[in-house]
Structures are given as structure tokens and as C-alpha cells.
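User: I would like a close look at a single part of this structure, namely the open sheet and what packs on it. Please set that part in the context of the whole chain.

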Amino acid sequence: MYSTVELRDVTHVYVTPREAKLAIEELSVSIAPGEFVSLVGPSGCGKTTILSIIAGLVKPTRGNVLINGEPVRGTSSSVGYMLQQDYLFPWRTIMDNACMGLELTGQLNDQTKQKVIQLLEGMGLQGTENLYPYQLSGGMRQRVALVRTLATEPEILLLDEPFSALDYQTKLQLEDLIVETLKLREKTAILVTHDLSEAIAVSDRVIVLNRHPGSIRRSFVIPEQIRSVQPFYAREQEGFNDLFHEVWMELEASDRTGGGGAYV
Ligand SMILES: Nc1ncnc2c1ncn2[C@@H]1O[C@H](COP(=O)(O)OP(=O)(O)OP(=O)(O)O)[C@@H](O)[C@H]1O
């Protein structure tokens, strides 16, 4: 059985006219089918770069990236990317926004449109189909963005701080909804977040990255009693606070080590 996502000794150097910056060094990680993994680490340690490499948007300088055992060669419909901003088009209705991915990949037909309607319903967005993004709250818009991502049936979801622009209550509600939706559909997910409590509450595994250049510092497997319940209740489980403290100390240590950037 292969991993859904595998990075083998991945190094990435950003080359600009002024400098060559080592963003990630010798990073290896395997993510199993259906696993939910969070990446946490100091600002600038390479989290978004890792997602961009998995998405096929950035070609790593060295190393191999495999999805379902196949080398990544550019973007693929098996990988969906969700960002902090919803990037809905203001001039398109909610239905037309939700169908964007299908439209761009030539998969829009009566059957897939029906699936979008069902997904919107599942997210509590029934009745919004003919509205425009400005008529929805931030949390509702982010749910539309999730429908747009799920509509093309990606196997792997890359989530780059999708909850960070939301108010706290909406963020907790959306965490529960996304985790439930992804588990139900057996999706593999990789989340980048600055919120440690969120990382522990939603994940099967939390990976702490080293600061400059990005590499794996320590990996925490989330105990069964925490990951078997909804993220909201995970925070109340025995062992949650101790684990939070342990991950926090690791993150603090990561933040203290390393310089302002590694140059080659
Ligand atoms: N296109 C680029 N050109 C040059 N350097 C870049 C580019 N993108 C990122 N970098 C640099 O690579 C390093 C890693 O950036 P990246 O955005 O992956 O970090 P991050 O951990 O996601 O940061 P944050 O938590 O602040 O969002 C940083 O030092 C950043 O300045």
C-alpha cells in the first residue's frame, strides 16, 4: 500500500535577481490515504511552499514528490487547494461560483450540477444558489469555496489557513463541518495553520517544522480519544492540554533556533 502523498528529500531554493534562498531542505514525509495532517511552524519556514510543491505549482529544486505513487508533473485534478481567502468572483452567483472548478476542467453537466446542489445543501447553503457573494457572510463564502473545491472530487485537499480570516465562533463551526465532510468522503488533507489548538483538534498527526530552512522537527500522532471526536469536543478531551503544551514547547524551540533565513 503506497502513501497518497510522499515527499522524498525535497529541497527548494527560491532564486531571485537579488538572492538564492533555501526555503526547504531535505524534507521527507509520507501521508497515508485518508489521513489529516497539519503543518505548523514559525512564519516563513516553508509551509506554503510545501503545499505549492504538492499542488504541482512549484517544482522543487531537488527531490521527489509522489501522489498515489506517481511523480507530480504540474497541477492535477486529484489535488484541491483551499486558501485563506475564498476568491469567489463577485459578479457570479453562488451556484456559478461553486461550479467554477467543474467548468474550468470541462466537467460541467446536468449530473455534476446536481452534485453541486447537493453539496451546497450539505453545507447548509440551500437557497443561496442565485445570490451573489456580497450577500453572504464570510463563513458562508468559505463554505462555497469548499463546495467549489469538493465538486471536482479531488482525493487530496490542501488547506492553507482556510479558517484564519473568520470570527472565532464561525471558525469552530467550520472546523467541525470540514472535518466531518472530509472524513465522510475519505479525503486526505494537509492543513497549514498558525492555530495550534486547531491543528491538534482536527488532525490525525501534527508536524512541527524547523525554522529556516524548513525541515521536519517533530511529528505528533494525535491520540485516539482526541481525534475520534468532533474538533469542538476534542479540545475538552483528557490529554489535550498536555499535548498542546508539548507541541507549543516544540514550536517555541523551533522559533528560537535558526537565523533570519538560509542563503545559498
Ligand atoms: N516566490 C518567492 N520568491 C522568493 N522567496 C520566496 C518566495 N515564496 C516564498 N519565499 C521565501 O521562502 C520562505 C518560505 O516561505 P513560505 O511562504 O513557504 O513560508 P510559510 O511558512 O508559509 O510562511 P507564513 O507562515 O508566514 O505564511 C520565506 O523565507 C519566503 O520569504
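Analyst: What follows goes from the whole chain to the sheet, then to the helix that packs on the sheet and to the ligand.

The model is predicted, and the secondary structure of its protein chain comes to 10 helices and 11 strands. The radius of gyration is 19 Å, close to the 18 Å that the globule rule gives for 264 residues, so the chain is as compact as a globular protein of that length. Along its principal axes the C-alpha trace spans about 50 × 45 × 40 Å, and 39% of the 264 residues count as buried. Of the contacts with a separation of 6 or more, 73% are made by residues 24 or more positions apart.

The part in question is an open sheet of 6 strands, in the order 6-7-8-3-9-10 and with mixed pairing. Its edges are strand 6 (79-82) and strand 10 (216-221), each of which pairs on one side only. From one strand to the next the twist averages 15°.

Within this order, strand 8 has strand 7 and strand 3 as its neighbours. Strand 7 and strand 8 pair in the parallel sense over 5 bridges, and here Leu159 stands opposite Leu191 of strand 8. Strand 3 and strand 8 also run parallel, joined by 4 bridges, with Ala189 of strand 8 as the bridge partner of Phe36. By contrast, strand 9 (residues 205-209) pairs with strand 10 in the antiparallel sense, over 5 bridges, and Val208 is found opposite Arg218 in strand 10.

Strand 8 is mostly covered, since 5 of its 5 residues are buried. In a regular strand the side chains alternate between the two faces of the sheet. In strand 8, Thr188, Ile190 and Val192 point one way while Ala189 and Leu191 point the other way, and all are buried. The residues named in the two parallel pairings, Leu191 and Ala189, thus both belong to the group that points that other way.

Helix 1 packs on this sheet, touching strand 3 (36-40), strand 6, strand 7 (156-160), strand 8 (188-192) and strand 9, and its direction makes about 150° with that of strand 8. Of the 8 residues of helix 1 (residues 47-54), 6 are buried, so the helix is largely enclosed by the rest of the structure. The buried residues are Lys47, Thr49, Ile50, Leu51, Ile53 and Ile54. After helix 1 comes Gly56, whose phi is positive, near 80°.

Helix 1 also takes part in the surroundings of the ligand, where its 3 residues make up the largest share of the shell. The shell holds 13 residues, and the closest of them are Tyr14, Ser43, Lys47, Thr48 and Thr49. Two of these, Lys47 and Thr49, are among the buried residues of helix 1. Strand 2 (20-31), like helix 1, supplies at least two residues of the shell. By class, the shell divides into 3 nonpolar, 8 polar and 2 charged residues.

Taken together, helix 1 packs on the sheet and also contributes to the shell around the ligand.

Technical notes: Residues are numbered from 1 along each chain as its sequence is written. This is a predicted model: local features need pLDDT of at least 70, side-chain atom pairs count only at pLDDT 80 or more; totals for chains, interfaces and linings use all residues. A residue is buried if 20 or more other C-beta atoms lie within 10 Å of its own, exposed if 12 or fewer, and partly exposed in between; C-beta atoms are placed from the backbone. The radius of gyration is taken over C-alpha atoms; the globule rule is 2.2 Å times the number of residues to the power 0.38. Two residues are in contact if their C-beta atoms, placed from the backbone, lie within 7 Å. Two strands pair if DSSP finds at least two bridges between them. Axes are lines fitted to C-alpha atoms, for helices over the stretch in contact, and angles run from 0 to 180 degrees between N-to-C directions. A residue is near a molecule or strand if its C-beta atom, placed from the backbone, lies within 6 Å of it. Ala, Val, Leu, Ile, Met, Phe, Trp, Tyr, Cys and Pro count as nonpolar, Asp, Glu, Lys and Arg as charged, and the others, Gly among them, as polar.
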